[in-house]
Each structure stands twice: as C-alpha cells, then as structure tokens.
Amino acid sequence: KKMTMTYERRRRHFTIAFLLAAAVVGPLLLLASTNNNNEPSFHRNNNIMETQRISHRQLFSVESSQLTDPKSVTIRSEKKQENEPELDNQKYWQLQLSNPGRVDCQIHTTPIDSKEVSTPLSSSTTAAPMMEYSIGSQKEQYIIHIHGLHHTGTGYLRQTLHDALNKAFSTGENDMNSSPLASIQDSMRPYQHLMEEARKNQNKSKIQQLYKEYRVPENEGHHLQSVYPQFVDRIKELTRSKGGVENAGKLAYLADLCTISSNDHDAASLQLDSADLSHTNNKKIGNILLQQWLLYWDRSATFLLQKTPTLDVLFLERVKVLPTLHVIIVRHPMTSNSWGLPQKMSLLWVNAWAHVFETLGQDDIEWYAVVTYEALINYHDIVVQELLEVVQSGMRRYHSRGRHLRRTASSNGQRLEMKNTGQYSQLHRRLPLRGNSNGLSKSPNSYLTPKKENVSLWKKCLSKTQCHYEVERLTKGVLPYFGFVSVRKNKILPLSSYPGTVTVSKEFGHVLFSSEGVALNKFRQSREDMDSLINYKPPLELISRMKDFQK
C-alpha cells in the first residue's frame with residue numbers, strides 16, 4: 001500500500017504529455033509480449049531459441065523520449081554476420097500521426113531513401129521473374145494471412161491451421177517423400193547455413209548470437225518486411241506525436257489507411273479504399289512484399305501461412321499477387337484486453353472491428369473467414385473442419401480443375417479423424433497445450449478464463465462510471481452478435497459485464513462469417529446442423545451498432 005501511494009503521488013507531478021504516453025502508449029508497448037498465458041501454446045524443441053527470443057518487452061525497454069529516434073529500437077543488428085544473405089531492409093513507407101485522429105501514411109514503390117529503383121533482396125532477384133513466379137507459374141500456391149488483435153489466439157490459430165492442412169490434403173504423390181503442404185514463416189530460415197556451421201563446430205555462443213540477432217517475436221510477418229509500418233513503428237510514431245486515443249484505435253489497421261504511390265510518377269497515387277486491384281502500384285508493392293516474405297517460407301509448400309496480430313486485411317488484399325485467404329480471429333474484449341487500457345478498451349475494440357466488418361460488408365475482401373477464439377477452443381473440431389471447407393471452396397473458385405490438391409479420404413466426410421464432440425479430439429491432442437503439474441492438458445475453460453491482470457483491469461474499468469456504462473452497452477448491444485456467454489461454476493449463463501470466464505453458445509461454435517457461405521451451409525446441412533446456418537457477411541445491424549457506439 002505504501003508503494004502504491006508513493007507511485008500515485010509521483011504520477012500527479014508528471015506533465016500532461018508524459019501522462020498521455022504513460023496512459024495511452026505505455027500499455028501498448030507491452031501488449032505484444034511473446035505469448036499469452038491463457039492461449040494454448042506448443043512444445044518447442046530448441047531451448048536456446050526460447051531463451052534468446054527477442055520479446056516486445058525487451059524491444060520497448062527504452063525511455064519514451066528515445067522513441068523519437070527511428071534507429072533507437074531495432075530488431076536486427078546493424079552488424080552484418082559473415083556469409084549473411086543480402087536482405088532488402090530498405091524502408092518503403094512514411095508515417096505521421098497528428099491530432100485529432102489524423103493519419104498520414106505513404107507507401108512507395110521504391111525505397112524512400114533512394115531515387116532509383118533498387119533491386120530488392122539481392123542482386124540475383126529481380127521484380128520481373130518474381131512477377132512471373134507469382135502470377136504466371138503453374139505451381140498452385142496460396143497465401144493464408146492470420147489476423148487478429150494481440151493476445152487473441154493468432155499464434156494458436158496459425159499452428160492449428162498449419163497442422164490441419166498438412167493432415168487434410170494430399171498432393172497425390174508419396175507424402176512421405178514430398179514437401180510439406182503448409183509452411184509457417186521462420187525468421188531463421190535465411191541463416192540456416194550459419195546455424196549448421198555453428199552446430200557442426202559445437203559453437204554454442206555463436207548459436208545463441210544468431211538467435212539473438214535474427215529471431216523475431218513469434219515469427220510474425222510484419223517483423224520480416226519493410227514495405228509497410230510494423231506495429232512497433234506505429235507505436236513509436238504514436239509516442240512521438242502524442243497521438244492520443246483517437247489514433248491508438250487505428251494502430252490495428254493502420255496499413256489500410258496508407259496511400260500507395262510511385263516515386264517515378266508522383267502524380268500517380270491512390271487511396272487504398274478506392275483502388276483498382278489491377279493498379280500497377282499495388283502489384284509492384286505486392287511483389288516487393290512477396291519477395292521479402294518468401295525468404296522465410298518453404299517455397300515448395302502450397303499453403304504459405306503468415307501471422308501478424310494486426311487487422312491490415314484490406315491492405316494485404318489490395319496488394320496480393322497470389323490467391324489469398326484471410327482468416328480473422330475475434331476474442332471478447334475484456335478477457336484479452338489487447339490494448340491494456342481498461343477505461344478505453346471497449347471504444348478501441350469497437351473502432352478496430354467496425355473497420356474490419358465494414359470492409360467485409362462492402363465485398364472488398366474476396367476470400368475470408370471469421371472465427372472467435374472462444375469457438376476455436378470450445379468447439380475446436382467443428383471450427384477446424386469448417387476452416388478446411390473454406391480453404392477447399394476458395395481453391396475450387398481459383399482453380400476449378402483442382403490441378404494438384406485433393407482432400408484425403410479421411411477428411412472428405414464429416415470427420416477429420418476426430419470425434420465430433422466439440423471438445424478435445426485426436427487432432428486437438430496433436431497440438432500440445434500447456435500441461436499442468438501432472439503433464440495433462442488444461443480443460444478448455446482454463447484458456448477462456450481471463451488472467452489476473454486482465455481481471456484487475458476489468459474491475460478497474462467497472463469502478464469508473466463512464467467505463468462501466470460503455471461495457472454494459474457493449475455487453476447488451478454488440479457482443480451478443482458473436483454468441484458470447486458467461487460461465488459460472490461450469491454453468492452457461494447469459495453474458496455478464498462482470499469479470500469471469502467467457503465462451504460462446506453452441507449455435508455459435510463454428511465459423512462466424514465467411515465468403516464461402518454457400519459451401520459452408522451445404523457442409524452443415526450434410527451434418528444435419530440446420531440451426532446454425534452461416535452469415536455470409538457481418539450483419540448490417542452489427543456494423544451500425546458499432547458505429548453508433550463510437551459517437
């Protein structure tokens with residue numbers, strides 16, 4: 001109590017600017033920690049990788065005044081290792097935030113510090129062959145983007161999809177000798193030759209140095225490119241500009257607000273929300289981004305999975321050069337508290353998701369699926385089966401002849417070698433959850449119960465009149481569209497605005513919205529599940545209520 005009183009007393013003496021940074025930006029700097037204790041995790045074999053992983057907490061352990069210098073926080077060392085591959089680390093974007101809620105973001109088709117078109121990645125790679133590879137190649141490839149806010153299960157969803165795709169599809173060849181069908185980005189892939197040399201020489205210090213230099217948090221895609229602002233760049237600019245809550249809510253989808261322009265033709269620029277997909281600048285940016293990301297995938301894979309805890313859905317759709325599926329995961333705002341701002345959580349959450357759902361409602365995204373984290377945990381088997389159906393349906397639309405892939409015999413029916421119970425299954429056990437002291441996996445509800453710090457923030461919000469009002473309004477008017485319900489003493493009750501375990505009711509234990517509504521509804525009819533036919537798009541009433549909530 002004494003420490004708390006001293007801390008509170010000192011806070012009163014801070015300037016308004018520092019209070020803003022502490023109240024708005026400070027929690028944001030910590031929101032992207034490497035893993036959420038309430039999110040299912042996966043066993044990793046390399047302990048060195050775990051201990052040497054660069055966390056956001058380490059990246060952000062600097063004074064806020066230092067964040068004004070763009071070179072003050074870096075993920076990669078400027079010192080080049082011997083035999084290190086040449087990467088395109090040149091910056092293609094410019095960002096400036098200002099009050100009230102103004103965003104000025106530009107993405108250029110050439111690096112902003114170069115007047116001439118540079119050759120991305122290395123001297124052996126040019127834009128023309130990449131365009132031919134990505135568009136004209138006979139190889140059947142798809143990019144799957146995993147979107148969501150921080151601490152909402154994006155990493156778990158990525159691993160689940162990766163394993164399910166490798167299990168459910170076949171190339172028709174000897175699978176034992178063929179390459180994996182799905183590939184997750186690995187930030188260490190370009191440096192495997194250095195790792196092998198260090199292991200061969202049993203040079204542990206070298207191995208640790210390589211992991212420290214090149215391993216990025218959670219192998220997230222935004223860390224592995226320089227085409228659009230990473231999340232850390234957005235926070236740095238928010239700190240520098242003292243952008244306030246108006247801009248904090250836009251951090252999740254900031255890339256969607258960027259303007260793409262050509263340095264060769266300054267007059268030829270366009271805003272993403274009115275862009276034509278065939279526009280040359282979009283394709284140029286898409287190819288540069290693909291070139292950067294391909295270094296971290298197994299290029300022989302059919303499904304290339306990229307995960308970033310942001311909602312830049314529209315941007316990645318506009319610049320796509322390969323068939324692209326967007327899988328979007330939503331979680332109850334107060335159990336995850338992605339921004340760490342209890343008094344503004346409701347408003348920020350609604351701002352971000354209203355933008356995404358409005359984009360989906362305007363048919364700007366060709367191939368997508370929206371799921372809730374709660375459904376993925378409590379109705380895992382059904383959600384995975386439906387996501388595979390979304391994948392297959394989109395593949396049929398892109399390649400009606402189905403040149404290479406087919407569903408395996410075990411996955412063509414209602415089951416994917418699993419019990420259709422809506423709880424744990426054979427497939428779910430393939431993805432090891434964090435075990436308890438007995439080595440057993442936790443029950444699903446243990447991953448749906450908010451952490452102690454989130455409960456504390458939730459209670460703090462309810463202690464404030466305005467915040468309490470906003471949570472009540474959100475609970476009654478918006479969250480029921482996602483099927484959220486409360487769990488008290490293992491009993492399902494109507495959703496409460498007070499802290500506790502949150503899940504979804506059975507009729508919402510599936511994909512929530514999807515572009516593949518026709519295929520999914522047929523799939524559900526085959527399961528005789530007529531009570532939960534899917535919405536093709538987010539309901540207009542939901543979008544309207546979200547917009548009204550922000551007024």
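1. Let's begin with Asp-363, which is exposed in this predicted model. Its relative accessible area comes to 55%, and the cut-off for calling a residue exposed is over 50%. Asp-363 has a salt-bridge partner, Lys-537, and the closest N and O atoms of the two are 3.6 Å apart. As for where they sit, Lys-537 belongs to the loop between helix H20 (517-526) and helix H21 (540-549), while Asp-363 belongs to the loop between helix H14 (345-361) and strand E10 (368-372), so this pair ties together parts that are 174 residues apart in sequence. Lys-537 is partly exposed, at 33% relative accessible area.

2. A quick bit of background: side chains of opposite charge can pair when their charged atoms come close. How many salt bridges does a search of the whole structure find? The count is 16.

3. Now have a look at Glu-220 and Lys-307. Their side chains form a salt bridge with an N to O distance of 2.7 Å. Glu-220 is in the loop between helix H8 (204-214) and helix H9 (231-241), and Lys-307 is in strand E8 (residues 303-307), so the contact ties together parts that are 87 residues apart in sequence. Are these two buried or exposed? Glu-220 is buried, with a relative accessible area of 5%, and Lys-307 is buried too, at 3%. Remember that buried means under 20% here.

4. Next comes a salt bridge between Glu-317 and Lys-320, whose closest N and O atoms are 2.9 Å apart. Glu-317 is buried, with just 1% relative accessible area, and Lys-320 is buried at 13%. Don't stop at the pair, though: Glu-317, Lys-320 and Glu-366 are linked in a network of salt bridges.

5. Lys-320 also leads us to a hole inside the protein, since this residue is on the list that lines the largest cavity. The model has 2 cavities of 30 Å³ or more, and the largest has a volume of about 100 Å³. Other lining residues include Ile-143, His-145, Gly-286, Leu-289, Leu-290 and Trp-293. Sorted by class, the lining has 8 nonpolar, 3 polar and 1 charged residues.

6. Which elements give two or more residues to the lining of the largest cavity? They are strand E3 (142-147) and helix H11 (280-294). H11 gives the most, with 4 residues.

7. Strand E3 deserves its own point. Of its 6 residues, 6 are buried, so the strand is largely enclosed by the rest of the structure. Try following the side chains along E3: Tyr-142, Ile-144 and Ile-146 point one way, whereas Ile-143, His-145 and His-147 point the other way. Two from that second set, Ile-143 and His-145, turn up in the lining of the largest cavity.

8. Finally, check who pairs with E3. E3 and E8 run parallel and share 5 bridges; within E8, Leu-305 is the bridge partner of Ile-144. E3 is also joined by 5 bridges to strand E9 (residues 324-330), again in the parallel sense, and in E9 the bridge partner of Ile-144 is Leu-325. You've met E8 already: Lys-307, from the salt bridge with Glu-220, lies in that strand.

Technical notes:
Residues numbered from 1 in each chain as written. Predicted model: local features only at pLDDT ≥ 70, side-chain atom pairs only at ≥ 80, totals over all residues. Heavy atoms only, no water. 1 Å grid on protein atoms, 1.4 Å probe; cavity = no way out; pocket = protein on both sides within 12 Å on 5 of 7 lines; lining within 4 Å. Points joined across faces, edges and corners; volume = space filled by probe spheres on them. Nonpolar A, V, L, I, M, F, W, Y, C, P; charged D, E, K, R; others polar. Salt bridge = Lys/Arg side-chain N within 4 Å of Asp/Glu carboxyl O. Buried < 20%, exposed > 50% of the residue type's maximum accessible area, 1.4 Å probe, protein only. Pairing = 2+ DSSP bridges.
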